[in-house]
Structures are given as structure tokens and as C-alpha cells.
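Q: Please take a close look at the aromatic rings in this structure and at how they are arranged.

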Amino acid sequence: MYQFVTRALAVMLVPLAFLAAGRRARHVACQWALTARFPRERLAGLTPAARAAFEAARTEALWRDGELLGLTSGYRDAGEQARLFAEAVHRMGSPKAARRWVLPAHESRHVAGTALDVRPTEGARWLERHGARHRLYRVYDNEWWHFEYRPDGAPRRLPHPGAGHGE
């Protein structure tokens, strides 16, 4: 239902978007419709390339396949990431256990502005199938929602975040 309504809104917004953006009308109309669907998203802080890749991917997903692709979390400052890691250590009992789900700030690509936690699950499945066209890759087996912008190509898939650091 949400997919249909959001796509219909994007189609209705194309004429207005054409006036505002010319040849980029479809892209702009999709971004407007997705902003209406996911009003609390914060794309600010993502690197310009990561943001452009995500916006292109979600435009393609909605326009071509009628699939919604929303952002749960993107950029996090070092303080927020450190707080998330500390909470995970407290909840799970050790830094090693916490690293299976969250990384310290100095290792997190969220802090670098190139990591994206997406939703819903159908959108994540779409991104896993088609994300390479936009240089967006799922990097951890245990996090279906976590993708990273990697301009140099697909990274090696790891079982969990801490696995890439000798664990």
C-alpha cells in the first residue's frame, strides 16, 4: 500500500519537478515523494558521493520496481557512535561481544558518512540485489539493514562488524 501511494505521489509530482529541475524531474519527484513517506530521515552528514548513490538507488527502486527504500540511520557523529558502543558493551557484557553489532567510533563507517542503515526489509533486499550499480554493498551477514558506499567495489562480506578486526 505504501509503495503504491508513494509511487503515485512521485508520478503526480513529475510536472512540478520538471519546472524545478528540468531533466532531473523523475529524480526530484521521487525524492519529494520519499521525503513525504519517510519524513524523519536525515541524509545530512553523508558524504556527497554516498548521498548521491543512495538517492539514485532509491529513485531507481521506486520508479522502476515500485520498491520503497528508506534510511533508518546514516551519518553519526563520533560522540553518538561512542554512546551506542558503550551501551552495547553494558548490555552485552564485553567489548568483544558488543563488536558483533556495533563498532567503536574510530572504526565506524557511519562516522565517516558512508554507512547506511536502510528499511524496510524489502527495500534492503532490493538494495542487496541492485546496490552494486550504485556502489552500495551489504557488508555484514548479521545486519540485513547495513550497507556501505564503497567506490572501489564490493568488499569482502564479513559475518559481523567485529570480524574485520581480528575477532
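Which residues do ring pairs link into a cluster?

A: In this predicted model, ring pairs join Trp101, Trp144 and Trp145 into a cluster. The search over the whole structure gives 2 aromatic pairs.

One of them is formed by Trp101 and Trp145, with 6.4 Å centre to centre and 15° between the planes, a stacked arrangement. That distance falls within the 6.5 Å allowed for a pair, and the angle counts as stacked because it is under 30 degrees. The two residues come from distant parts of the chain, 44 residues apart. Trp101 is in the loop between helix H5 (95-98) and helix H6 (109-112), while Trp145 is in the loop between strand E3 (136-138) and strand E4 (146-149).

Trp145 also pairs with Trp144, here edge-to-face, at 5.5 Å centre to centre and 90° between the planes. Since edge-to-face requires planes over 60 degrees apart, the 90° angle qualifies.

As for accessibility, Trp101 has a relative value of 41% and therefore counts as partly exposed. Trp145, at 24%, is also classed as partly exposed. Buried would mean under 20%, so the 24% of Trp145 does not meet that cut-off. Trp144 is partly exposed as well, with a relative accessible area of 36%.

A separate ring contact involves a charged residue: Arg37 lies over the face of Tyr2, 4.0 Å from the ring centre.

Terms used:
Residues are numbered from 1 along each chain as its sequence is written. This is a predicted model: local features need pLDDT of at least 70, side-chain atom pairs count only at pLDDT 80 or more; totals for chains, interfaces and linings use all residues. Side-chain values use heavy atoms; hydrogens and water are left out. Rings of Phe, Tyr and Trp (its six-membered ring) pair if their centres lie within 6.5 Å; planes under 30 degrees apart count as stacked, over 60 as edge-to-face and the rest as tilted. Helices (H or I, at least four residues) and strands (E, at least two) are DSSP runs, numbered from the N terminus. Buried means under 20% relative accessible area, exposed over 50%, partly exposed in between (1.4 Å probe, protein chains only). A charge sits over a ring if NZ of Lys or CZ of Arg is within 6 Å of the ring centre and within 35 degrees of the ring normal.
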